Amino acid sequence: LGRTIVLSIIMILALIALFLLFIIPGIIMTVFWSFAVYALVVDNVGISQSLHHSVKVVKGRWWLVFGYLLLIGLLVLIVTVAIIFPLVFIIALISGILGAVLGISTLMALVVGVLSIFITTIVNVFILPFSFTFMERFYVNLREETPRLYDVEKI
């Protein structure tokens, strides 16, 4: 867990720098490093080696990986919005009516905000494991098709 946190912090800081300086390289490296955590955990390699593994696995398949990342992101977004929007709308409607009747609209707005965050968290608890499992299986399949993955060479 500690190595995963360190890797995540390193990737986040590097990607923030890339996105602030240059948008396109930030997107490119996000895709190249998309499997770094999976390489770290599944292959039990070091932090820098996991970044190299991710780049090697994605190399030559960048558009395929980008497409799948985009697709899985859109699916998660659609499912999340489809579940959350009607629930939050109903809660907001009920709390708006109650707030108008009881005269405590500020409190009701706070209740709607807290319930929205709670519902979003619950939905993500059920959705995100599927996307993580998909990405792990995708990484393993691409890794098996990658020749000379474990050779120590400069990329």
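## A quick tour of an all-helix chain

Walk along the chain from the N terminus and the elements read α-α-α-α-α-α. That makes six helices and zero strands. Keep in mind that this is a predicted model. The chain's radius of gyration is 21 Å, well over the 15 Å that the globule rule gives for 155 residues, so the chain is more spread out than a compact globule.

**Overall build**

- Taken along the principal axes, the box filled by the C-alpha atoms is roughly 70 × 30 × 30 Å.
- Of the 155 residues in the chain, 31% are buried.
- The exposed area comes to about 9,900 Å², and carbon and sulfur atoms supply 79% of that surface.
- Take the contacts between residues at least 6 apart in sequence: 69% of them join residues at least 24 apart.

**Where α1 meets α2**

- Helix α1 covers residues 2-21 and helix α2 covers residues 23-32; their axes come within 5 Å and cross at roughly 150°.
- An angle over 145 degrees counts as roughly antiparallel, so that is the label for how α1 runs relative to α2.
- On the α1 side, the residues in this contact are Leu15, Leu18, Phe19 and Leu21.
- On the α2 side, their partners are Ile23, Pro25, Gly26, Ile27, Met29 and Thr30.
- Sort the residues of this contact by type and you get eight nonpolar, two polar and no charged.
- Gly counts as polar in that sorting, which is worth remembering when you look at Gly26 on the α2 side.

**Val57, a buried spot in α4**

- Val57 sits in helix α4, which spans residues 47-58.
- Its relative accessibility is 0%, so Val57 counts as buried.
- Leaving out residues up to four places away in sequence, Val57 touches Phe35, Tyr139, Leu142, Arg143, Thr146 and Leu149.
- Asn141 is 84 residues from Val57 along the chain, yet their C-alpha atoms are separated by 9.6 Å.

**α3 and the loop after it**

- Val41 belongs to helix α3, made of residues 36-42.
- With a relative accessible area of 54%, Val41 is exposed, since the cut-off for exposed is over 50%.
- Val41 and Pro129 are 88 residues apart along the chain, and 15 Å separates their C-alpha atoms.
- Asn44 is in the loop between α3 and α4.
- Asn44 also counts as exposed, at 58% relative accessibility.
- The backbone at Asn44 deserves a look: phi is near 55°, a positive value in a residue other than glycine.

**Two stops on α5 and α6**

- Helix α5 runs over residues 62-102, and Val79 lies in it.
- Val79 comes out as partly exposed, at 35% relative accessibility.
- From Val79 to Asn124 you travel 45 residues along the chain, while the C-alpha atoms of the pair are separated by 9.7 Å.
- Arg137 has its place in helix α6, which takes in residues 105-144.
- Arg137 is partly exposed too, with a relative accessible area of 42%.
- Arg137 and Gly46 are 91 residues apart in sequence and 20 Å apart in space, C-alpha to C-alpha.

Notes: Residues are numbered from 1 along each chain as its sequence is written. This is a predicted model: local features need pLDDT of at least 70, side-chain atom pairs count only at pLDDT 80 or more; totals for chains, interfaces and linings use all residues. Side-chain values use heavy atoms; hydrogens and water are left out. Axes are lines fitted to C-alpha atoms, for helices over the stretch in contact, and angles run from 0 to 180 degrees between N-to-C directions. Helices (H or I, at least four residues) and strands (E, at least two) are DSSP runs, numbered from the N terminus. Angles under 35 degrees count as roughly parallel, over 145 as roughly antiparallel, 65 to 115 as roughly perpendicular and the rest as oblique. Contact means heavy atoms within 4.5 Å. The radius of gyration is taken over C-alpha atoms; the globule rule is 2.2 Å times the number of residues to the power 0.38. Buried means under 20% relative accessible area, exposed over 50%, partly exposed in between (1.4 Å probe, protein chains only). Accessible areas come from the Shrake-Rupley method with a 1.4 Å probe; for residues, only the protein chains shown count as cover.
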